[in-house]
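Open the structure in your viewer and keep the selection tool at hand. We will go from the whole chain to a few places worth a closer look.

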Amino acid sequence: MAPQPTGPHSAPVTPPAAAPALIVLAGATGALGLLIAHQLRQRGATVRALVRPAASPKAEAESLRLQGVEVLAVDYTDAAALTRACTGATCVVSALSGLREVIVEAQTQLLEAAVAAGVPRFIPSDYSADFTRLPEGSNRNFDLRREFMRRVDKAPIQATSILNGMFADLLTGQAPVVLAGPKRVLYWGDADQPLDFTTMVNTAEFTAAAALDATTPRYLRVAGEVASPRDLRATATAATGREFKLLRAGSLGFLGTMIKVTKTLMPAQDDVFPPWQGMQYLHNMLSGQAKLAEPLDNGRYPDIRWTKVRDVLAGSK
Ligand SMILES: NC(=O)c1ccc[n+]([C@@H]2O[C@H](COP(=O)([O-])OP(=O)(O)OC[C@H]3O[C@@H](n4cnc5c(N)ncnc54)[C@H](OP(=O)(O)O)[C@@H]3O)[C@@H](O)[C@H]2O)c1
């Protein structure tokens, strides 16, 4: 270090600014990962994105580079390379998506590398309804998350899971709940069951803030809006200016039977989100078993503005 001027006539010495935190982000080329990378950069973090070698030349990786993200191609089965890739990070964030080989196996490789590199904190790829207390077998994808949760809870690292309910963005398409054509809100069971919704952007903003916050607890729970099917009916009507009605398709027991039938007729076991798994997700939410416990942590980072379901539905009119 250069000697600092001293003495009564020297200018005040400004200490050098602390280096921005380094966050290692896995799954950065994915839909949520790209948003988390953007939000981390907005918050001043240095971001190192781990991508599989085949993804390195793709447009997503290029867009990360353009935002000032360091893109590092890494083979997850190469423990030494993965450990080097995690070195220096204050937090490893996973936004991986997949089945057992990703959620359990690749994430375990990432976790072990983070521990070996001495990284203090880890955020697993959860970003979902509260799967922690669900019965085994009630949702294939959540069983995998609990399996990984048991590993992460034994590891010498501070883990934080972000639980945000269903991505509200899915209400305008993929999730068959607010049906724009027939103007119905489809549900099973109780029209007054509260459900948790958060947009992907809000989830990414909160995750980025949590990645840079050394004091996070094991779980953080957020929801842009908590709304029952009955609330959704009113919201869809207000957002679109068209009168929506409730459509009760049956009891939760009937939905359970439909899941079994769909799984038999269309197993699609290798798909990450086959129709029967989406139905399992709805069952978990509509039964209240995956409801996020209150109070929610929405206020933890006061700069985040939570998007309401009404705005999501109005945006897709
Ligand atoms: N709450 C909700 O309603 C909701 C809805 C959707 C998703 N999610 C969750 O959000 C998270 C991110 O999902 P997403 O939709 O953003 O995923 P995505 O777009 O499918 O991206 C998945 C990412 O994982 C990487 N990846 C896949 N397999 C891998 C492997 N074997 N090894 C290393 N990397 C691998 C991909 O990298 P490459 O570029 O190399 O392929 C990609 O970056 C997941 O936890 C997902 O379950 C939640």
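## The whole chain

Start with a cartoon view: the chain holds ten helices and 14 strands. Keep in mind that this is a predicted model.

Now show the C-alpha trace alone, which spans about 80 × 45 × 35 Å along its principal axes. The radius of gyration is 22 Å, which agrees with the value near 20 Å for a compact globule because the chain has 317 residues. Colour by burial next, and 41% of the 317 residues count as buried. If you draw the contacts with a separation of 6 or more, 78% of them come from residues 24 or more positions apart.

## The ligand

Select the ligand and the residues around it. How many residues surround the ligand? There are 23, and the closest are Thr 29, Gly 30, Leu 32, Ala 55 and Ser 97. The elements that give two or more residues to this shell are α1 (31-42), α4 (100-116) and β8 (166-167). Colour the shell by residue class and you will find 13 nonpolar residues, eight polar ones and two charged ones.

## A three-stranded sheet

Next, select β9, β10 and β14. These three strands make an open sheet in the order β9-β10-β14, with mixed pairing. At the edges are β9 (178-179) and β14 (245-248), each of which pairs on one side only. Add helix α7 (residues 229-240) to the view: this helix packs on the sheet and touches β9, β10 and β14. The direction of α7 makes about 165° with that of β10.

Zoom in on the two pairings in turn. Strands β9 and β10 (residues 184-187) run antiparallel and are joined by two bridges. One of the bridge pairs is Val 178 with Val 185, and another matches Leu 179 with Arg 184. Between β9 and β10, which form a hairpin, there are four residues; in the turn, Lys 183 has a positive phi of about 55°. On to the parallel pairing, where β10 and β14 share four bridges.

Now show the side chains of β10. In a regular strand, side chains alternate between the two faces of the sheet. Which residues of β10 make up the covered face, and which the uncovered one? Val 185 and Tyr 187 are on the covered face, while Arg 184 and Leu 186 are on the uncovered one.

## Arg 184

Centre on Arg 184, which lies in strand β10. Its bridge partner in β14 is Lys 245. Beyond its neighbours within four places in sequence, Arg 184 is in contact with Leu 179, Phe 244, Lys 245 and Leu 247. Arg 184 counts as partly exposed because it has 19 C-beta neighbours inside 10 Å. For a sense of distance, select Ala 268 as well: the C-alpha atoms of Arg 184 and Ala 268 are 28 Å apart, with their positions 84 residues apart in sequence.

## Asp 130

For the last stop, go to Asp 130, in the loop between β5 (121-123) and α5 (140-154). Is Asp 130 buried or exposed? Asp 130 counts as buried, because 22 C-beta neighbours lie inside 10 Å.

Select its contacts too. Setting aside residues up to four places away in sequence, Asp 130 touches Leu 163, Ala 290, Lys 291, Leu 292 and Ala 293. Finish by drawing a distance from Asp 130 to Lys 291: the two are 161 residues apart along the chain, yet their C-alpha atoms are separated by 6.1 Å.

Technical notes. Residues numbered from 1 in each chain as written. Predicted model: local features only at pLDDT ≥ 70, side-chain atom pairs only at ≥ 80, totals over all residues. Near = placed C-beta within 6 Å. Nonpolar A, V, L, I, M, F, W, Y, C, P; charged D, E, K, R; others polar. Rg over C-alpha atoms; globule rule 2.2 N^0.38 Å. Buried ≥ 20, exposed ≤ 12 C-beta atoms within 10 Å, placed from the backbone. Contact = placed C-beta atoms within 7 Å. Pairing = 2+ DSSP bridges. Axes fitted to C-alpha atoms, helices over the stretch in contact; angles between N-to-C directions.
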